[in-house]
Every structure is written in C-alpha cells, then in structure tokens.
Amino acid sequence: MEKPAFLDRDRPDVPDLVVPGGVTPFYLAGRPVRGRLVRLGVLADTLLTRHDHPAPVTRLAGKALALVAALASALKFQGSFSLQMKGDGPVSMLVADCTNTGALRFYARTDDEALAALLEETPKPTDRELLGNGYMALTVDQGPEMDRHQGIVEIAGDDLSAMAMHYFASSEQHACWIMLACQMTDAGWRAGGLVLERIAGEGGSHVVEDEAAEASWETATILAGTLSTKELLDDSLPTLQLLHRLFHEEDLHVSQPRALAFGCRCSRARLANVLETFPQDDLDHMCQDDGNIVMTCEFCNVDFRFARKNIATQAQ
Ligand SMILES: [Zn+2]
C-alpha cells in the first residue's frame with residue numbers, strides 16, 4: 001500500500017553527512033582583506049557521485065559547490081545562496097546552492113549527445129566549453145521578510161573561478177579573488193576553494209583607497225595565488241596549517257569554522273504536491289506499466305514512487 005503523502009514527510013534515504021570545519025573564515029588584521037577557505041572533504045565525493053556525469057562535468061559541479069559554500073558563509077540571516085548558470089553549451093544548466101547552515105546541493109542538466117561530441121574532440125574541455133555562452137546568476141534568498149537579491153552577468157572567462165571574479169567585478173562593489181578546484185584524488189572526489197574579498201576601509205567608505213590598502217590587497221592575492229590544487233584538496237593537510245603557510249606574515253586571524261552538510265531539501269510530500277497539479281493526461285503519460293509514477297529529485301537523484309491511482313488531481 002502506498003502511504004498517503006501527508007503521512008510520509010520523511011526525508012528520503014540520502015546520506016546524512018556533516019563535515020565539521022568545511023568553511024574557515026579568516027581576515028588579515030589591518031588590511032582590507034577577508035576570506036574563506038572551503039574544503040568539502042568527503043562531502044564532495046558523496047554529493048558528486050550521486051550523479052553519473054562525465055569527469056569534466058563533475059569537476060565543474062564540484063567547483064560550483066565550493067563557490068556557493070564560500071559565498072553562503074557570509075549570509076547573516078537564515079536563507080540560501082544559489083548559483084545558476086545557463087548557456088548554449090553541452091551543460092545547458094548548472095544549479096548549486098548552500099544554506100546559511102551549510103547545506104549543499106547541485107544539479108547539472110546536460111545534452112548528452114553534444115557532450116559526447118565535445119569530449120571526443122576535446123577530452124579536457126574548459127568550463128567555458130562545457131557551458132558555452134550564456135548567463136551566470138547569483139541569488140541571495142533570505143526568506144519572505146527580506147528582499148531577494150539577484151545579480152546576473154554574461155558568462156566570461158575560461159573557468160568558473162574567472163567567471164565568478166568577472167561577476168563580482170561587474171555587478172558588485174568590491175573586488176574578489178577566487179580559486180576553485182575539484183579533482184578525483186586517491187580518497188575520491190574532493191573540492192575546495194579560496195575566496196578573498198576586498199573590504200572597505202574604516203567607516204565603509206569606498207571613496208579613497210590609499211596606496212597601502214592597495215598594496216596589501218595585492219600582496220594577499222599574490223600569496224593566495226601560491227596555493228596549489230594539491231594542497232587545497234589534501235585531507236591530510238590541516239586547514240589552519242594551510243592558511244598559516246599562506247598568510248602568516250599578514251597578521252592572519254582565523255574565525256570560527258563552519259560545517260557543511262548534504263543538503264537536499266526534497267521530500268515525498270513536496271513531490272506529491274507537484275504531481276497533484278498535473279493534468280490527468282500528463283499523469284497517464286508518466287505512468288509506467290506497473291501502475292507507478294516515478295519522480296526523481298534532480299538534486300539528490302533519489303527516486304520517489306507514487307501509485308497512479310492514489311494521485312488526486314485538480315479538477316480539469
Ligand atoms: Zn533531493
């Protein structure tokens with residue numbers, strides 16, 4: 001017997017995984033620099049391997065997860081930070097989001113024929129070749145009480161780090177330096193990132209930035225640029241040690257690290273509500289020979305089965 005949706009609000013059987021210290025915020029005292037070091041650890045492998053994408057798409061998705069994890073850690077209220085990329089390339093859509101509590105999820109929509117053709121020609125395509133020309137949007141959603149803030153720019157640059165820097169350079173007030181990485185390692189997929197933000201001086205004034213501030217921002221980005229992908233994705237290298245190695249001469253102050261977690265918010269009840277808005281014809285069309293309709297959450301890739309006969313539909 002199919003349980004009625006209202007009796008079954010439980011989360012599906014997806015990993016309940018929390019990575020403590022996934023995001024480490026820090027600042028350089030007396031300098032206009034604050035940053036976040038993100039390391040998804042085993043969470044990267046868990047999130048990425050729920051989808052059966054070719055490696056280049058998985059790498060892009062892992063970098064997107066690291067980016068939203070870094071940006072969401074700046075949220076001051078309950079809410080989420082999401083990245084959406086839409087282009088004319090084989091990866092026609094990429095969505096990643098992270099809540100203020102560090103719950104992460106993503107999905108990528110691919111044109112499998114176009115993707116196979118690209119990979120045959122270019123086994124290691126750039127993010128740009130995967131996404132093509134299109135748009136990148138970042139959205140902050142802090143609930144109905146707060147304005148939803150969204151910025152949209154054209155996709156520019158070869159990799160997601162460059163695209164994100166272009167976004168901040170063209171749509172926000174402050175400069176950012178961003179490194180994102182995702183690779184298959186001996187321990188499985190790993191993803192991470194380092195984001196530096198140039199913050200305004202005392203009083204929040206954007207008017208005059210003196211030469212010393214400019215020089216310390218330059219120094220911080222040069223030091224950040226010495227971080228290798230191998231170091232960033234190496235579980236055996238502690239985060240504090242890594243930050244210290246980079247910024248020990250710049251009066252590094254590390255703030256309270258934050259956890260990241262597997263964050264799909266799908267539920268059987270929510271999908272049942274979606275199904276109930278479909279016309280009868282569509283439901284009949286979706287129904288399989290065994291009398292069930294299968295809905296797959298595009299984020300966590302969990303299948304939900306609903307008996308066709310139990311789905312009440314709106315009056316036609
Ligand atoms: Zn889900």
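Here are four exercises with worked solutions on a predicted model.

**Exercise 1. Helix α2 and its partner**

Task: Work out how far α2 reaches from its first C-alpha to its last, whether it is enclosed or open, and which residues make its contact with α5.

Solution:
- Step 1. Start with the length: α2 covers residues 55–72, which is 18 residues. Its end-to-end C-alpha reach is 26 Å, close to the 26 Å expected at 1.5 Å a residue.
- Step 2. Turn to burial. Of the 18 residues in α2, 16 are buried, so the helix is largely enclosed by the rest of the structure.
- Step 3. Now bring in α5, residues 160–171. The two helix axes come within 10 Å and cross at roughly 35 degrees.
- Step 4. List the residues that meet. From α2 these are Leu 60, Lys 63, Ala 64, Leu 67 and Leu 71, and from α5 they are Leu 160, Ala 164 and Phe 168.
- Step 5. Sort them by class: the contact has seven nonpolar residues, no polar ones and one charged residue.

**Exercise 2. The zinc site**

Task: Identify the protein donors of the zinc ion, and decide which geometry the site has.

Solution:
- Step 1. Find the donor atoms. They are the SG atoms of Cys 264, Cys 266, Cys 297 and Cys 300, at 2.1 to 2.3 Å from the zinc ion.
- Step 2. Check the angles among the four donor atoms, which run from 105 to 117 degrees. Four donors count as tetrahedral if all angles lie between 85 and 135 degrees, so the site of the zinc ion is tetrahedral.
- Step 3. Read the donor spacing along the sequence: C-x1-C-x30-C-x2-C.
- Step 4. Place one pair on the chain. Cys 266 sits in the loop between β11 (258–262) and α9 (268–275), while Cys 300 sits in the loop between β12 (292–296) and β13 (303–307). These two are 34 residues apart, and the pair links distant parts of the chain.
- Step 5. Finish with accessibility: Cys 266 and Cys 300 are both buried.

**Exercise 3. Asp 127, Arg 128 and Gly 157**

Task: Classify Asp 127, Arg 128 and Gly 157 as buried, partly exposed or exposed, then trace their contacts.

Solution:
- Step 1. Locate the residues. Asp 127 is in helix α4, as is Arg 128, with α4 spanning residues 127–131. Gly 157 belongs to the loop between β7 (149–154) and α5.
- Step 2. Apply the cut-off: buried means under 20% relative accessible area. Asp 127, at 5%, therefore counts as buried. Arg 128 has 22% and counts as partly exposed, and Gly 157 has 29% and also counts as partly exposed.
- Step 3. Look at C-alpha separations. Gly 157 and Asp 127 are 30 residues apart along the chain, with 8.8 Å between their C-alpha atoms. For Arg 128 and Ile 155, 27 residues apart, the separation is 8.0 Å.
- Step 4. Trace contacts, setting aside neighbours within four places in sequence. Gly 157 meets Arg 128, Ala 162 and Met 163. The partners of Arg 128 include Gly 157, Asn 133 and Met 163. Asp 127 has Leu 60, Lys 63 and Met 163 among its partners.

**Exercise 4. Ser 216**

Task: Find where Ser 216 lies and which residues it touches.

Solution:
- Step 1. Ser 216 is part of helix α6, residues 211–224.
- Step 2. Its relative accessible area is 12%, so Ser 216 is buried.
- Step 3. Not counting residues up to four places away in sequence, Ser 216 touches Arg 31, Pro 32 and Val 33.

Terms used:
Residues numbered from 1 in each chain as written. Predicted model: local features only at pLDDT ≥ 70, side-chain atom pairs only at ≥ 80, totals over all residues. Heavy atoms only, no water. Helix = DSSP H or I, 4+ residues; strand = E, 2+ residues; numbered from the N terminus. Expected span 1.5 Å × (residues − 1). Buried < 20%, exposed > 50% of the residue type's maximum accessible area, 1.4 Å probe, protein only. Axes fitted to C-alpha atoms, helices over the stretch in contact; angles between N-to-C directions. Contact = heavy atoms within 4.5 Å. Nonpolar A, V, L, I, M, F, W, Y, C, P; charged D, E, K, R; others polar. Donors = N, O, S within 2.8 Å, 3.2 Å for Na, K, Ca; no water. Tetrahedral: all angles 85-135°; square planar, octahedral: opposite > 155°, others 65-115°.
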